[in-house]
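Colleague: I would like a close look at the salt bridges in this model. Please take them pair by pair, and add whatever is needed on confidence and on internal space.

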Amino acid sequence: MLTKVVLASCVVLWISSCAVNSAEDLMTRALRLMSETPLIDGHNDLPWQFRKQFNNELNKVDLHTLSTTHTNIPKIKEGRLSAQFWSAYVPCDTQYKDAVRQTLEQIDVVHRMCEKYPETFMFASSSKEIRDAFAMNKVASLIGVEGGHSIDSSLGTLRTMYQLGVRYLTLTHSCNTPWADNWLVDTGSEPSEHNGLSLFGKQLILEMNRLGMLIDLAHVTVTVMNQVLDMSQAPVIFSHSSAYGVCPHKRNVPDEVLKRVVKKKGVVMVNFYNDYVTCSKTANLSDVADHFDYIKKVAGADIIGFGGDYDGVTRLPEGLEDVSKVPNLVVELLRRGWTDEEVKAALGNNLLRVFEGVERVRNEHTQLNSAHVSGYAGSTIRLIPLLYLYDKYEIQVSSG
């Protein structure tokens, strides 16, 4: 009898040891993949916390010891974060008031953060600079403006923000702009004002294509999603949205749109906010992995990314409480049978492909618009893209 007990105990210990070793092996594999491919997160609201907690006075902030946020330098290093789109967000109540000024201040604070911690952050505004920062073991720091109200219906403001390094614009936040409907319209709590995009909104999409600015469809109605997918020559992103098929929240992406994002070669960067993960106040890491699995099943691994929404939400899943925990999610994906290539795609390769696609469209516009043909009497012929006919061009002749 004693022998049987001893043998049973040995078997239990052996099984436990295998489980521990297996988990360790998966973590080793996860960290190896994260050392080979940059983890690019689509949305982090740390700049908003700078404004909210410190009035953007970075002399009062030590990112090495800051404990009131989901994000600080030790957590970034532990989480193997390689590139971050920092959100330049200001609330909807600034619309028609001082949204542009406040947004410029948020853009400024990202630049100042990079200057204050040059050993950790490297400001980036291109796919190449993301790769360069990764090679230097620094966090590529990009800027996304969260909400079309921040440009005050001005293409000039959009272009100025691009020159300041902004590389995506979320078309709306949780409010309609004078040219686009936000996701709350789909809940029935707000009326549609434009049936999606107004004429100006459609012009803005073309201008973003021309500039090389990523179009972010988080926060918009399904109608806007489809209109942009119809119009845009470049791939699009959802910087922090999850799968509607798992959690039917109107901030999430429905299956028919996921399938269109594949054709556009875009990316959906999964949000970790409990309310968008489980449609409830509680969630865990496995629930987030369910969104990754679901999107992969519906549309393939080539459209998936990470869009944690850290420091912009109040409830996060157990196991993903802050930026340091992201490797745990990679381990879970590996445990579920994701291949190394699929994990690398989600970590950053998908976003890099999208960014390069957007840059390629920009370069094509640049080459096209610089094409001049000498005409009679010194006239110049310039090709101007028509609003809806992307494969056709209006010929404009001017003297000089």
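Modeller: What follows goes through the salt bridges, then the cavity, then the confidence of the prediction.

The model is predicted, and a search of the whole structure finds 21 salt bridges. One of them joins D340 and R32, whose closest N and O atoms are 3.0 Å apart. D340 belongs to helix α14 (residues 340–369) and R32 to helix α1 (residues 2–36), so this pair ties together parts that lie 308 residues apart in sequence. D340 has a relative accessibility of 22% and therefore counts as partly exposed, the cut-off for buried being under 20%. R32, at 35% relative accessibility, is also classed as partly exposed. The pair does not stand alone: R29, R32, E36, D340 and K344 are linked in a network of salt bridges.

Two further pairs are each formed within a single helix. The side chains of D108 and R112 meet in a salt bridge with an N to O distance of 2.8 Å. Both residues are in helix α4 (residues 99–116), and because they are four residues apart, about one helical turn separates them. D108 is partly exposed at 36% relative accessibility, and R112 is partly exposed at 27%.

The other pair is E332 with R335, where the closest N and O atoms are 2.7 Å apart. These two residues lie in helix α13 (residues 326–335), three residues apart, which is about one turn of the helix. E332 is buried, with a relative accessible area of 10%, whereas R335 is exposed, at 53%.

As for internal space, the search of the whole structure finds one cavity of 30 Å³ or more. About 60 Å³ of space lies in this cavity. Its lining consists of L39, D41, N44, L81, Q84, F306, Y310, V323 and V326. The elements that give two or more residues to this lining are β1 (39–44) and β2 (81–88), and β1 supplies the largest share, three residues. By type, the lining residues divide into six nonpolar, two polar and one charged.

On confidence, the protein averages a pLDDT of 90, and 86% of the residues score at least 70. Over residues 10–21, however, the pLDDT is below 50, and this stretch has zero contacts in the model beyond near neighbours in sequence. Residues 372–400 also stay under a pLDDT of 50, but there the model has 54 contacts beyond four places in sequence. Where pLDDT is low, the predicted coordinates should not be read in detail.

Definitions and conventions. Residues numbered from 1 in each chain as written. Predicted model: local features only at pLDDT ≥ 70, side-chain atom pairs only at ≥ 80, totals over all residues. Heavy atoms only, no water. 1 Å grid on protein atoms, 1.4 Å probe; cavity = no way out; pocket = protein on both sides within 12 Å on 5 of 7 lines; lining within 4 Å. Points joined across faces, edges and corners; volume = space filled by probe spheres on them. Nonpolar A, V, L, I, M, F, W, Y, C, P; charged D, E, K, R; others polar. pLDDT = per-residue confidence, 0-100. Contact = heavy atoms within 4.5 Å. Salt bridge = Lys/Arg side-chain N within 4 Å of Asp/Glu carboxyl O. Buried < 20%, exposed > 50% of the residue type's maximum accessible area, 1.4 Å probe, protein only.
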